Amino acid sequence: MTAPLHEPTAKAPPSAEAAPSAAGESAAVDGNTKSVQGRSLGRIAWERLKRDRLALAGGGVILALVVIALLAPVITNLVGQDPDAFHEDTIDALFGTPKGSLGGISGDHLLGVEPVNGRDVFARILYGARISLLVGFLSALVAVVLGTILGILAGFFGGWVDAAISRVMDGLLAFPQLLFIIALVSVMPNDLLGMTGSSVRVFVMILVIGFFGWPYIGRVVRGQTLSLREREYVEAARSLGAGRFHILFKELLPNLVAPIVVYTTMMIPTNILTEAALSFLGVGVKPPTASWGQMLSNAIDYYDSDPMYMIVPGLAIFITVLAFNLFGDGVRDALDPKGSR
Amino acid sequence: MTTQRASARRKQALAAAAVVAGLLTTAACGGGSDSTSEAGYDAANNKVVNAAATKGGTLKFAGAQDGDSWDTTRSYYGFAWNFMRYYSRQLVTYKTEPGRAGAGLQPDLATDLGKVTDGGRTYTFTLRAGSTWEDGRPITAKDVKYGIERQWAQDVLSGGPVYLKDILDPDGAYPGPYQDESADKLGLKAIETPDDTTIVFRLPQPNSDFPQMLAMPSASPVRQDKDTKSKYGLHPFSSGPYKFESYEPGKSLELVRNTQWKEASDPVRKAYPDTVAVTFFSNANDLDQRLIAGDYDLDLSQTGLSPQGRQTALKQHKGNLDNPVSGYVRYAAFPQNVKPFDNEHCRKAVIHGADHVSLQTARGGPVAGGDIGTNMLPGSIPGNEGQKYDPYAIAGADKSGNIAKAKEELAACGKPNGFDTTIAVRNNKPVEVATAQSLQASLKKIGINAQIDQYDGAQTSGIVGSPANVEKKGYGIVIDGWAADFPSVQGFGRPLWDGKYVLESANNNYALIKDPAIDELFDAYAKELDEGTKARMATQINHKVMEGGYYLPFTYEKYLNWRSGRLTNVYMTDAYNGYDFVNLGLKPSK
């Protein structure tokens, strides 16, 4: 996929083949006559991204979601709802489903109420966004940090270091991670490092999802490093007496930023889905903490009698993952001029 | 998939047959479609629907779960005990009558309910003439003794109730028939068989519920030469009106008439259908749909429709539904080895603080969940007072919880600001988790922060059944339910409340009640032969348990049970808290 060999930035001008083409392309499309020199890759990418409406829309949705998640307590306070409060008066006692149509949607309960206990779905969706985004972002962060460091080391040093790290990556990629997480959660203590209840589960989910995700980034970084380390500018730095540390983090790393960013944006929605799957299977956050996957799982018993209860969290997951994927696609296209669309 | 195709073919065949019948006969067909019932909602609760004596047809059960075993010695499932009456007989059995009368005993293989002598220590039964095995040989007293002796072989035949073993051989002196060194393998001293038609039980201690234990399928006769030990459950040798034709575990089971069985020898069983067929489903929603569509006659497990099927059935086929009690009391127990539940005031704080209506709603509401439970003795047990005994005003003034009283109890317990604890709940049923969440939400209001810990329901005996583990995990509240093995306070409450029944694993006395007054009442109950006094003692035991605040009862569970319009002689019995399978019949097919 990303075979892109991103060109060194202004810092490392020696490479001559591709830089003009990128600059030339952007100049041609821009149609401006200003100097094409001195524009950074980030700048060029941003220019391209700005023209990709779908990506921008995705980015806007992500931004909105983050704001909503951060402000969840404020928003629910404003509409006067508590995600954990029961409202059994809104429930038909005979069937356990919400009174009224569309899952009990009303002025009080904007997205209806949950069957059986009448908790406000709107408030729970907002609080569920916190869990989804927290796990999605932080587990991606864990994966990126681990994957970048180990990938760059494997690619740069080669030899037994590469062999060892590569075999570990192969092993992890072949590992049935979902089963492992389910098993791990069931033997986990209730209290861990001073945390209790759902925090323990969230912490473990972040670590485990991140841990199983790093080889995906690690492989790409390793491959890129392998090709970059033979480049002239690296040779030049080496012949000028630069140390390994300098080459790794000052010469190579900046040129790996593009694929890392692309993979991160692609990884976040996958992690959000994994979190939803785990909660769906009952090994995610603990009740009463709200989570989209858990809501979907509860909704199975009511797919016929209260379809809204399944549609709302389903849409939330769908929109979130779609937004991340659109944005991720846009970022990839922007950073990777040679990538085919 | 295959069953669906088969069903489509069968429907075509039925349609073709109907056309032919229509051409051949001029008489008009009466009645509605096969699956609708004119009897009406809850009609089989306490009376017989469609009384008839028509023979023939195939009675079709649909089960979401196979029996734990079809070996009479090894099953602990209520529906399996109910079903076993098709192919097994006992000395005494439950009356085939609706409601409470159905929990009474009547002679079966025996000619009477037994002669009790020696102050309740000796029971003598005479066997009825003409009772035979499926190969035509007579059922003898030795067969009954051998069948009961199999309870001692727990290493090979685990899983079933062992009441007779505990009562007849409390010290475990007899090694069981498979390690018996006597030639006839009938070495158990407590049972004597002076001749082929007489059997004498000698109890070391009297137990007034002894006849109830003889009515369980685990007291059925088994013929020694047909005992295939651990494989017996795959093809039990029949003493009843039906015998095993085929059995594929988890798929299907079919019984056909036992031609050697004689109606004159059996005062209980009428044997109306020609064939009894069971199909097992892996998906409860699929099962419910097929029941409602009329492809099957009734649910084998007798646990009620799932939420989805409940909706459809209540809205479209209400006349096919009964709303009986399941015999279960659903409750929370407070293990006293977890602080602060060693203090009765903290236990009572939880009872007062809980929102009982919310708990009822979480369990499915008044119809699918049941009436609010106010004490621990369910309605089918003699001595129960129903909702009239309500020491904590659970279904009365405080049914939505009483925060002020709860706070008083918290202060008396020395925890005026509440405390942290953990609720243990099985993870395999959404309704259990919903119950835990309801309790969690109402306890939050009185300052008790409860975490919910969901454990694997298949591991109950090692997780909440181990007091050491309960203490380690800090399970202050354990959510569970219990139904009686036989309808008496001993059959219901002894494992839960008697201090002698606290076990290191597979414990059921979750609250770890060790009250000498309760233990003494149970001992006195076992010796008492007068039914009225027994009932009064049951009431006293129940009061002692409630006064200690060891339990928070949620509901006297009810469920919605599907009855097809084809069925005749349908009624609910308190003996099994489901339809009485053994005498169900079918309307003649048109």
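# A tour of chains A and B

Start in chain B with strand β13, where five bridges join β13(B) to strand β17 (residues 475-482) of chain B in an antiparallel run. The model is a predicted one. To find the register of this pairing, select B:Ala333, which stands opposite B:Val478 in β17(B).

Stay on β13(B), residues 325-333, and colour the strand by burial: nine of its nine residues are buried, so the strand counts as mostly covered. Next, add strand β18 (residues 551-558) of chain B, which is joined to β13(B) by six bridges and runs antiparallel to it. Here the pair to label is B:Val329 and B:Tyr556, the latter in β18(B), which stand opposite each other.

**The four-stranded sheet of chain B**

Select β4, β5, β7 and β6 of chain B. In that order they make an open sheet of four strands with antiparallel pairing. Which strands stand at the edges? β4 (115-117) and β6 of chain B do; each has a single partner strand, so one side of each has no neighbour in the sheet. From one strand to the next, the twist averages 20 degrees.

Now centre on β7(B), residues 198-202. Strand β5 (residues 122-126) of chain B is joined to β7(B) by five bridges, and the two run antiparallel. On that side B:Thr124 stands opposite B:Val200. Strand β6 (residues 191-195) of chain B is also antiparallel to β7(B), with three bridges between them. On this side B:Glu192 stands opposite B:Val200, and B:Asp195 stands opposite B:Thr198. Follow the backbone from β6(B) into β7(B) and you pass through a hairpin of two residues.

Show the side chains of β7(B). In a regular strand the side chains alternate between the two faces of the sheet. In β7(B) the covered face holds B:Ile199 and B:Phe201, while B:Thr198, B:Val200 and B:Arg202 are on the uncovered one. Then display helix α3 (residues 141-149) of chain B, which lies across β6 and β7 of chain B and runs at about 165 degrees to β6(B).

**The five-stranded sheet of chain B**

Move to β8, β9, β10, β1 and β11 of chain B, which in this order form an open sheet of five strands with mixed pairing. The edges are β8 (242-248) and β11 (298-299) of chain B; each has a single partner strand, so one side of each is left without a neighbour in the sheet. Within the sheet, pick strand β9 (residues 252-257) of chain B and strand β10 (residues 275-280) of chain B, which pair in the antiparallel sense over five bridges. Label B:Val256 and its bridge partner in β10(B), B:Thr275.

**A helix pair in chain B**

Select helix α8 (residues 344-353) and helix α11 (residues 403-412) of chain B. Their axes are 8 Å apart and they pack at an angle of about 170 degrees. This angle is over 145 degrees, which means that α8(B) is roughly antiparallel to α11(B). From α8(B), show B:His345, B:Lys348, B:Ala349, B:His352 and B:Gly353. They meet B:Ile403, B:Lys405, B:Ala406, B:Glu409, B:Leu410 and B:Ala412 of α11(B). By class, the contact divides into five nonpolar, three polar and three charged residues.

**Chain A**

Switch to chain A and select helix α9 (residues 232-239) with helix α10 (residues 244-280). The axes come within 11 Å and cross at roughly 145 degrees, and the crossing is right-handed. On α9(A) the contact is made by A:Tyr233, A:Val234, A:Ala237 and A:Arg238; on α10(A) it is made by A:His246, A:Ile247 and A:Glu251. Four residues of this contact are nonpolar, one is polar and two are charged.

Next, select helix α11 (residues 292-299) of chain A. How many of its residues are buried? Eight of its eight residues are buried; among them are A:Trp292, A:Met295 and A:Leu296. Display their surroundings: the buried residues of α11(A) pack against α5 (121-157), α10 and α12 (307-335) of chain A, together with α12 (430-444) of chain B.

**Between the chains**

With α12 of chain B in view beside α11(A), widen the selection to the whole interface. There, 22 residues of chain A are in contact with 24 residues of chain B. Colour the chain A side by class to finish: the residues that touch chain B divide into nine nonpolar, eight polar and five charged.

Technical notes
Residues are numbered from 1 along each chain as its sequence is written. Chains are lettered from A and ligands numbered from 1 in the order in which they are written. This is a predicted model: local features need pLDDT of at least 70, side-chain atom pairs count only at pLDDT 80 or more; totals for chains, interfaces and linings use all residues. Two residues are in contact if their C-beta atoms, placed from the backbone, lie within 7 Å. Ala, Val, Leu, Ile, Met, Phe, Trp, Tyr, Cys and Pro count as nonpolar, Asp, Glu, Lys and Arg as charged, and the others, Gly among them, as polar. Axes are lines fitted to C-alpha atoms, for helices over the stretch in contact, and angles run from 0 to 180 degrees between N-to-C directions. A crossing is left-handed if the near helix is turned anticlockwise from the far one by less than a right angle, and right-handed if clockwise. A residue is buried if 20 or more other C-beta atoms lie within 10 Å of its own, exposed if 12 or fewer, and partly exposed in between; C-beta atoms are placed from the backbone. Two strands pair if DSSP finds at least two bridges between them. Angles under 35 degrees count as roughly parallel, over 145 as roughly antiparallel, 65 to 115 as roughly perpendicular and the rest as oblique.
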